[in-house]
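Got the model open in your viewer? Give me a guided tour of it, telling me what to select next and what I'll find there.

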Amino acid sequence: MNAVILEERLDGITVINGKEFMTDAKGGYVPLAMVKPQDKLQDETVRKIMAFALDLNAQIARFRGHSMTDLGDLDALLAQEYGAKIGGAKGNRTYQTVDGLMKVQVQVAELIDFGPELQIAKSLIDECLNEWSADSRPEIQAIVTRAFNTDKEGKINRAEIFMLLRHQIEDERWQRAMDAIRDAMRVTGSKEYLRFYRRAAVTDQWQAVTIDLAKA
């Protein structure tokens with residue numbers, strides 16, 4: 001039996017015993033000559049873009065890591081040398097240049113999940129909606145529907161849940177439901193976000209420096 005010599009190239013072509021193949025979506029080897037020209041062109045274009053995207057992704061990850069390290073070093077220096085601390089109790093911090101034209105913000109967002117009390121809240125809210133006339137509070141019904149409908153990952157809509165808490169409704173069952181929602185909240189962790197801003201003059205509004213492909 002002859003040995004199989006296999007070479008996988010970065011251009012998506014696999015060389016087997018000197019012959020060129022491309023791997024299809026099912027994992028099979030298709031002779032290069034059998035691949036349609038438009039498919040090969042699309043493959044080349046996607047691989048070219050992805051190479052840049054992966055490199056940029058790695059650069060951003062390194063940039064974020066270096067930035068957080070630099071800010072952490074600054075925090076430690078201020079605490080040690082001057083007894084000063086930037087930021088509030090939750091860890092939000094703002095760092096600014098002397099001329100007031102550039103600033104970096106670290107925003108800490110709490111990761112919140114909900115316990116079983118949420119189901120009690122849902123039952124109380126349903127009682128309210130069933131008793132109220134169907135057309136008296138349609139906006140509340142819409143929010144409730146969106147809040148408790150789960151997404152593809154089986155998670156409820158947190159933003160809509162918080163919207164429910166903003167409504168001042170005197171019904172005693174509604175108030176109990178809102179208390180149950182608050183009791184259901186569990187802080188499961190936190191995540192830090194870096195924000196960058198600049199302006200031409202101190203009288204101007206801050207302009208965000210976006211590191212987001214969709215907003216660039």
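This is a predicted model, and it holds 3 aromatic pairs. Select Phe 21 and Tyr 29 to see one of them: the ring centres are 6.3 Å apart and the planes meet at 65°, so this pair counts as edge-to-face. Now colour by accessibility. Phe 21 has 17% relative accessibility, and because the cut-off for buried is under 20%, Phe 21 counts as buried. Tyr 29, with a relative accessible area of 40%, is partly exposed.

Next, pick Phe 114 and Phe 162. Their rings form a tilted pair, 6.3 Å centre to centre with 45° between the planes. This pair links distant parts of the chain: Phe 114 belongs to strand β6 (residues 102–114) and Phe 162 to helix α4 (residues 158–165), 48 residues apart. Phe 114 is buried at 14% relative accessibility, while Phe 162 comes out as partly exposed at 28%.

**Back to Phe 21, this time for the backbone**

Switch to a cartoon view and keep Phe 21 highlighted. Which residue stands opposite Phe 21 in β4? Select Pro 31 and you have it. The two strands here, β3 and β4 (residues 29–31), pair in the antiparallel sense over 3 bridges. Their hairpin has 5 residues between the strands, and there Gly 27 takes a positive phi near 90°.

Phe 21 also has a bridge partner in β2, namely Thr 14. β2 and β3 run antiparallel as well, pairing over 4 bridges. Follow the chain round from β2 (13–16) to β3 (19–23) and you'll pass Asn 17 in the loop between them. That hairpin has 2 residues between its strands. Stop at Asn 17 and check its backbone: phi is positive, about 50°, although the residue is not a glycine. Asn 17 is partly exposed, with 44% relative accessibility.

**On to β5, β6 and β7**

Select strand β5 (residues 93–96) together with β6. These two pair in the antiparallel sense over 4 bridges. For a landmark, label Arg 93 and its bridge partner in β6, Val 106. Between the strands the hairpin has 5 residues, and Gly 100 takes a positive phi near 70° there.

Keep β6 on screen and add β7. How many bridges join β6 and β7? There are 13, again in the antiparallel sense. Glu 110 and Ser 190, the latter in β7, are bridge partners you can label. Before leaving this area, show the side chains of Lys 103 and Tyr 197: Lys 103 lies over the face of the Tyr 197 ring, 5.2 Å from the ring centre.

**Last stop: the largest pocket**

Turn on a surface and centre the view on Tyr 193, Leu 194, Arg 195, Phe 196 and Ile 211. Among the 16 residues lining the largest pocket, these five lie nearest its centre. The space inside comes to about 430 Å³. Two elements, α1 (37–81) and β7 (185–198), each give two or more residues to the lining. Which element provides the largest share? Colour β7 to find out: 7 of the lining residues come from this strand.

Finally, colour the lining by residue type. You'll get 9 nonpolar residues, 6 charged ones and 1 polar.

Methods
Residues are numbered from 1 along each chain as its sequence is written. This is a predicted model: local features need pLDDT of at least 70, side-chain atom pairs count only at pLDDT 80 or more; totals for chains, interfaces and linings use all residues. Side-chain values use heavy atoms; hydrogens and water are left out. On a 1 Å grid over the protein atoms alone, a cavity is a set of points where a 1.4 Å probe fits but cannot get out, and a pocket is an open set with protein on both sides within 12 Å along at least five of seven lines; lining residues have an atom within 4 Å of a point. Grid points are joined across faces, edges and corners, and a volume is the space filled by probe spheres set on the points. Ala, Val, Leu, Ile, Met, Phe, Trp, Tyr, Cys and Pro count as nonpolar, Asp, Glu, Lys and Arg as charged, and the others, Gly among them, as polar. Buried means under 20% relative accessible area, exposed over 50%, partly exposed in between (1.4 Å probe, protein chains only). Rings of Phe, Tyr and Trp (its six-membered ring) pair if their centres lie within 6.5 Å; planes under 30 degrees apart count as stacked, over 60 as edge-to-face and the rest as tilted. A charge sits over a ring if NZ of Lys or CZ of Arg is within 6 Å of the ring centre and within 35 degrees of the ring normal. Two strands pair if DSSP finds at least two bridges between them.
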